[in-house]
Each structure stands twice: as C-alpha cells, then as structure tokens.
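Visitor: Could you take me through one part of this model up close? I'd like a single connected walk rather than a list.

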Amino acid sequence: MFPPCPITKEYILFARLRPKVSTIIPGEELSINAKMKMLGFSNSTATNLIDKNEPNLELQDLMRQFTRQIVQGKSKDFDASQIILVCGAERSGKTLLSKKLSKFLPTHTAAQNSTLILQNNRVISDPLSGDLNSLFKSSSDANVTSLFRKRQDIALDGSRLIVDYEGPMDVLNSVLMRLEALEHKPKVSVIYTLEVGKSYNAVRQALEIPQIPNLSVALTKMDLLEVSISELSAVFDLGRKIQFFSGLKTLEDGLDFAKISVVEDFLLNIIRQEGL
C-alpha cells in the first residue's frame, strides 16, 4: 500500500528526500503559461500577467511585475491612520498582530503644520455585538467612545487606536460607515490576518469579503509554515495587497512591512530550484 496508512515517520522522511521526477521532455521548451502553472499560479493569474505585459517577457520579468502588484508594504496612508481595525478568522493571529502593531508602529510627539499629533498606540478587543442596532440609530455626532462602549476611557485624543476586531465581517462594513459619519472623520485602515499554509481556494474564500476601502493583508504564522505560490496567486486574483509579514510569537520581534525585494527573491529562488 502506497502511501502507507497510517503515514509513518519513515515515509515522511522519504517524501522529503526523494528526488523530483521531471515531467519535461528533453529538448521541449515550455511556454511561460505552462511554467507559471507548474509553479502553482492559477490560470487567472498567468493569463492576467501575460496579457497585460509586453510579449516575449521572461518568466523572471513577470515575477517582478507580479510582486509589485501584490506587495503594498509601508504607505503614507497607513502611517496617517488614527484607527486600525485588525480582523481575520479565529486563531489567525489577529490578537497577537494587534499587540505587535502597538509596539511596532511609531508614535509621534510633535505636529508639523496640520499633521495630527499621535501620542501613543492603544489596543482594545471588541466584538461590537449586542448594542449595534441601537448604536447605529444614535446621533451622527457621537464620538468613538460610544462606538466602543466597553472601554469608556478610549477616545481619539491624539492616540492611534488599534482594534482587535471580534465581530463578523458583514458588520465591519457598517462600522466603517459609522466611523465615516463622525464629524472629524478619522482616517481608518483595515488589516486582514491571513494565516499561511492554506490552499488557493481557502485563501479565496477567506478574502472574498465585501470590498472594504484601505484593506490590506498581513501574512501570519510565517515562522511555522512557508507561504505558497498558490496562496500568493489567490491574493493577486482578488486584487488584494500584502502589507505585513508576521511570524514569531514574541511581541518584540517577528513583524515587518512586506517588501518587494523579499517576495521577488523568494519567487526567483523557487524558479531556480525548479530549473525553469
């Protein structure tokens, strides 16, 4: 019986060490489309990249174009955010990411011209449940303390508020609309925590949420598993962008802005390993 049932340690070791058997016929030149599919890109990603770029581009050139379209990294809009909503599936690492952001993001003690003074980063966890119906019926000039009723000491007094969002995604759109209705219109960014190690379809299902402005992706638990090309392809197909890499469980380390150079080197290294 192959593979054995149950899977044995010996089989796992064999699977890791066994040589890869090439399906390429000697002398046959694969098309760029075929190479991309061999690497794990979806048909949609391959077609999109090939059709929207100059003909006869090398695979490495397409990887550079791909990377620039899925990596957002550090941005001025995010830096100016007064409220950051961290959302994601259960056990996706959003609570840890919220705490990491509070330590990772810089604080400001002075203002230049009309720039808002950000004194510190505050973190709260809130499901936004129970009082939502009555909350949205309240007057439009209510402040943020009325939105997060469990923490009456929270207010936009110059601090950046990081919310570990515990409510459903379909409510989040309403929350954003409510924030937009506030008189001082705080700048809001949304980070979706996406745990790596999922299939293409799982990533698509996770990210197929209503179009939320200023939403970007944080890849989490990267110290446990390596992100796959199929996962990156799903992010691309949905028009999302990656802003953070998060890994280590310690609060003081394991978080950084996504960088084009890092993702590009990762993809080019895979191409070299596969001999494409």
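Guide: Phe78, Phe104, Phe244 and Phe257 are joined into a cluster by ring pairs. Bear in mind that this is a predicted model. In total, the structure holds seven aromatic pairs. One of them is formed by Phe66 and Phe236, and the geometry here is tilted, with 5.2 Å centre to centre and 35 degrees between the planes. That pair ties together distant parts of the chain, since Phe66 belongs to helix H4 and Phe236 to helix H11, 170 residues apart. Are those two rings' residues buried or exposed? Both Phe66 and Phe236 are buried.

Helices H4 and H11 come up again once you look at helix H3, which covers residues 43-51. The buried residues of H3 are Thr45, Ala46 and Leu49. Looking down the axis of H3, you find these buried residues within an arc of 95 degrees, so they line one face of the helix. What do they pack against? The buried residues of H3 pack against helix H2 (32-39), H4 (59-70) and H11 (229-237).

Now for the strands. Strand S4 runs over residues 188-195 and is mostly covered, with seven of its eight residues buried. S4 pairs with strand S1 (residues 83-88) in the parallel sense, over six bridges. In that pairing, Val86 sits opposite Ile191 of S4. S4 also pairs with strand S5 (residues 215-220), again parallel and over six bridges. There, Glu195 has Thr220 in S5 as its bridge partner. Between these two strands comes helix H10, residues 200-207, and S4, H10 and S5 together make a right-handed β-α-β unit.

If you want one residue to zoom in on, try Ser216, which lies in S5. Where does it stand on exposure? Ser216 has a relative accessible area of 1%, and the cut-off for buried is under 20%, so Ser216 counts as buried. Setting aside its neighbours within four places in sequence, Ser216 is in contact with Gln72, Val190, Ile191, Tyr192, Lys241 and Gln243. Ile191, among those contacts, is also the residue that Val86 stands opposite in S4. That brings us back to the strand pairing, with S4 bridged to S1 and to S5.

Note on methods:
Residues numbered from 1 in each chain as written. Predicted model: local features only at pLDDT ≥ 70, side-chain atom pairs only at ≥ 80, totals over all residues. Heavy atoms only, no water. Buried < 20%, exposed > 50% of the residue type's maximum accessible area, 1.4 Å probe, protein only. Helix = DSSP H or I, 4+ residues; strand = E, 2+ residues; numbered from the N terminus. Pairing = 2+ DSSP bridges. Right-handed = clockwise from strand over helix to strand, strands pointing away. Arc of directions from axis to C-beta. Contact = heavy atoms within 4.5 Å. Phe/Tyr/Trp six-rings, centres within 6.5 Å; stacked < 30°, edge-to-face > 60°.
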